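Subject: Structure handover

Hi,

Here is the structure I promised to pass on. Have a look at it first, and then read my notes underneath.

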Amino acid sequence: MTKPSLPELLHTAVTAVGGVERPGQVTMAEAVAQAIDDGSHLLVQAGTGTGKSLGYLVPALAHGERVVVATATLALQRQLVERDLPRTVDALHPQLRRRPEFAMLKGRSNYLCLHRLHEGVPQEEEDGLFDPFEAAAPTSKLGQDLLRLRDWSDDTETGDRDDLTPGVSDRAWAQVSVTSRECLGASKCAYGAECFAEAARERAKLADVVVTNHALLAIDAIEGAPVLPQHEVLIVDEAHELVSRVTGVATGELTPGQVNRAVRRAAKLVDEKVADQLQTAAEGFERLMELALPGRLEEIPEDLGYALMALRDAARTVISALGSTRDKSVQDEDAVRKQAMASVENVHAVAERITQGSEYDVVWYERHDRFGASLRVAPLSVSGLLREKLFAERSVVLTSATLKLGGDFNGVGASLGLPPEGTVGTEDEDVPVWKGLDVGSPFDYPKQGILYVARHLAAPGREGSRGDMMDELAELVEAAGGRTLGLFSSMRAAQAAAEELRGRLDKPILLQGEDTLGELIKNFASDPDTCLFGTLSLWQGVDVPGPNCQLVVMDRIPFPRPDDPLMSARQKAVEEAGGNGFMAVAATHAALLMAQGAGRLVRATGDRGVVAVLDPRLATARYGSYLRASLPDFWYTTDRNQVRRSLAAIDAAAKAATAKAGDAESGGAKSEGAKSDDERADETRAADV
């Protein structure tokens with residue numbers, strides 16, 4: 001039997017999942033197979049609707065070596081493990097003459113901890129363990145959640161939080177889960193043989209395809225203790241998110257509450273003198289934090305330096321004491337000790353990192369209205385880390401609908417630690433070899449969408465209301481008949497717009513934060529009159545194909561805030577190295593977000609609509625062409641009257657289609673030669689555009 005070709009395998013897989021084979025998908029699959037065979041790296045931009053999951057899964061399964069697939073969102077992880085992989089494996093089994101195994105692997109805190117469930121949570125205020133099941137009133141929401149978790153523990157095969165439906169609150173889950181630092185370890189735990197997290201790791205070791213998330217991939221790379229099994233191929237989906245997820249994992253934080261928690265946890269296990277030293281250091285740190293003003297600390301102030309050294313030294317003393325003393329009077333001492341050690345080690349690690357003062361770190365104060373002040377430290381760049389840890393020993397494929405910014409892949413490549421495309425290494429320097437590939441999209445963007453820039457508006461300032469922008473927004477929403485997703489640069493701007501338009505228009509305006517994101521999106525998708533306004537998570541998290549999202553509005557170009565400590569530090573570093581900091585950092589950040597936001601409009605081949613940017617700088621500024629080149633290739637205009645006519649035509653077509661569907665359901669039919677209203681409206685819009 002001859003070995004099946006890649007196109008044959010892809011065709012079989014696409015048919016099995018009920019999909020439609022796309023030319024871009026075939027091109028992508030062949031490029032992924034080539035990169036895996038060569039041991040090289042590939043950045044592939046595959047637009048919405050390309051079918052990129054099968055575009056990388058099929059060549060990976062055909063290759064036969066172990067592959068890790070890392071994605072940013074839970075939704076895609078579940079789609080891969082519950083839908084795409086089972087169907088693909090079943091379909092390809094006869095042709096491959098083997099059945100590849102697959103498994104999902106997440107961080108430990110995503111799995112139910114049987115020790116916590118049965119033995120209780122180490123209590124901070126007094127010795128012994130705290131039984132949340134006894135303490136929580138059965139009638140309270142927490143009590144009901146905990147009882148459900150106890151019942152679920154007898155039935156679940158995975159212990160994975162995401163398999164629990166409906167879910168439970170974060171507070172309830174915290175009572176029955178542990179972080180990797182708090183875990184006793186399978187060999188020391190009475191429940192080690194039944195541990196859900198350990199079972200997931202064992203399944204991953206045996207699997208041909210391991211599906212994980214960016215955060216666990218980052219932990220695996222940064223912390224040195226391997227979490228993922230050895231693998232020859234790494235595929236990073238939603239790769240535009242990778243740098244921010246890795247930065248998040250590499251960021252350290254100290255707050256007074258966190259330090260005081262470490263003091264309470266350690267106090268019951270070490271002698272009074274050692275505990276008092278940490279308590280005194282914690283009080284000194286807390287006093288300083290009460291006066292902290294938000295912003296970057298380019299140099300560590302002397303008083304903060306002393307406070308951090310005191311914390312570091314006291315935490316080191318406690319760690320030594322925790323390792324050498326035993327106290328049998330403490331119930332379940334190992335669990336109490338492990339939790340205390342995890343808290344104190346974190347305080348020690350962050351305090352030491354900041355006092356060492358690496359030139360590659362950025363340190364800043366943050367202040368939150370609810371949680372108070374925090375001290376944070378993050379890497380100036382993660383590109384070196386990614387280059388060293390991800391690209392050195394395996395073939396890496398990175399894919400997303402938005403990787404090509406300003407016309408090429410070099411901006412995203414640089415953030416990942418890759419040299420400019422086409423760079424060849426020397427005998428002295430081995431550089432990662434990679435290429436970028438844009439396989440396009442099945443959508444006809446120039447015919448399906450309009451990019452409208454409101455050139456006549458005043459440029460947005462840092463503060464103050466934008467009355468002309470509100471007028472423009474109201475007129476656009478009115479012309480569209482609702483059907484609007486409003487993407488705002490800040491929560492304050494989203495709230496102001498929602499309040500203003502609720503007073504002006506007879507349209508339901510949903511606002512992020514007033515309900516869960518899932519409920520808001522569901523309600524938005526179910527009612528064509530409705531608008532949904534919000535901020536960052538909506539720029540990437542909304543998938544509403546069809547006529548209920550026909551206008552996507554961005555209030556302004558989403559540059560990072562000028563006072564963002566990490567972004568401004570990165571921009572300054574690029575400038576000091578002789579580069580263009582604004583383009584490399586601020587413009588790249590904005591381009592990525594705008595590309596994601598504009599991608600909310602066209603989600604299916606029948607979708608029509610407008611992306612409206614209410615910031616004239618996209619048309620007038622020198623960087624505007626770079627940003628526009630990062631967006632889908634919509635028909636571009638600055639003519640406000642043109643756009644209103646087009647929106648009205650699209651709205652009329654959608655209403656006519658809905659009415660036609662209603663007539664069909666009730667047995668109505670139009671005469672064979674007559675044109676429907678939506679056909680005529682489409683013709684009107686085509687003439688307009």
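Below is what I found, going from the aromatic rings to one helix and then the cysteines. Bear in mind that this is a predicted model.

**Aromatic rings**

The count comes to 7 aromatic pairs. One of them joins Tyr 445 and Phe 634, with 5.4 Å between the centres and 90° between the planes, which is edge-to-face. These two sit 189 residues apart, so to speak at two ends of a long stretch: Tyr 445 belongs to helix H18 (residues 445-448), while Phe 634 is in the loop between helix H26 (624-629) and strand S20 (635-637). Tyr 445 and Phe 634 are both buried. Phe 443 comes in here as well, since ring pairs link Phe 443, Tyr 445 and Phe 634 into a cluster.

A second pair is made by Phe 582 and Tyr 623. Their planes are at 55° and their centres 5.2 Å apart, so this pair counts as tilted. It also links distant parts of the chain, 41 residues apart: Phe 582 is in helix H24 (residues 581-598), and Tyr 623 is in the loop between helix H25 (617-620) and H26. Are the two rings' residues buried or partly exposed? Phe 582 is partly exposed, because its relative accessibility is 26%. Tyr 623 has 15% and therefore counts as buried.

There is a charge over a ring too: Arg 628 lies over the face of Tyr 636, 4.9 Å from the ring centre.

**Leu 627 and its surroundings**

Leu 627 is in helix H26. Its relative accessibility is 0%, so Leu 627 counts as buried. What does Leu 627 touch, leaving out residues up to four places away in sequence? The list is Ile 557, Phe 559, Ala 587, Ala 590, Ala 591, Met 594 and Leu 618. If you like sequence-distant pairs, try Leu 627 and Gly 406: they are 221 residues apart along the chain, yet their C-alpha atoms are separated by 6.2 Å.

**Ser 53**

Ser 53 belongs to helix H3 (residues 52-63). With a relative accessible area of 10%, Ser 53 is buried. Not counting residues up to four places away in sequence, Ser 53 touches Leu 76, Gln 79, Leu 80, Asp 84 and Asp 237.

**Helix H12**

I also checked the length of helix H12 (residues 256-267). Its 12 residues, at 1.5 Å a residue, should span 16 Å, and the end C-alpha atoms are 16 Å apart, so the two values agree. Several residues of H12 are buried, including Pro 256, Val 259, Ala 262, Val 263 and Ala 266. Gln 258, Asn 260 and Arg 265 are also among the buried residues of H12.

**Cysteines**

How many disulfides does the structure hold? The number is 0. Two cysteines show the reasoning, with the cut-off for a disulfide being sulfur atoms within 2.5 Å. For Cys 189, the closest cysteine sulfur is in Cys 113, and 6.1 Å is too far for a bond. For Cys 531, the closest is in Cys 549 at 9.9 Å, which is again too far for a bond. Cys 189 counts as buried because its relative accessibility is 18%. Cys 531 is buried too, with a relative accessible area of 0%.

That's the lot from me. Shout if anything is unclear.

Cheers

Technical notes. Residues are numbered from 1 along each chain as its sequence is written. This is a predicted model: local features need pLDDT of at least 70, side-chain atom pairs count only at pLDDT 80 or more; totals for chains, interfaces and linings use all residues. Side-chain values use heavy atoms; hydrogens and water are left out. Rings of Phe, Tyr and Trp (its six-membered ring) pair if their centres lie within 6.5 Å; planes under 30 degrees apart count as stacked, over 60 as edge-to-face and the rest as tilted. Helices (H or I, at least four residues) and strands (E, at least two) are DSSP runs, numbered from the N terminus. Buried means under 20% relative accessible area, exposed over 50%, partly exposed in between (1.4 Å probe, protein chains only). A charge sits over a ring if NZ of Lys or CZ of Arg is within 6 Å of the ring centre and within 35 degrees of the ring normal. Contact means heavy atoms within 4.5 Å. The expected span of a helix is 1.5 Å times one less than its number of residues.
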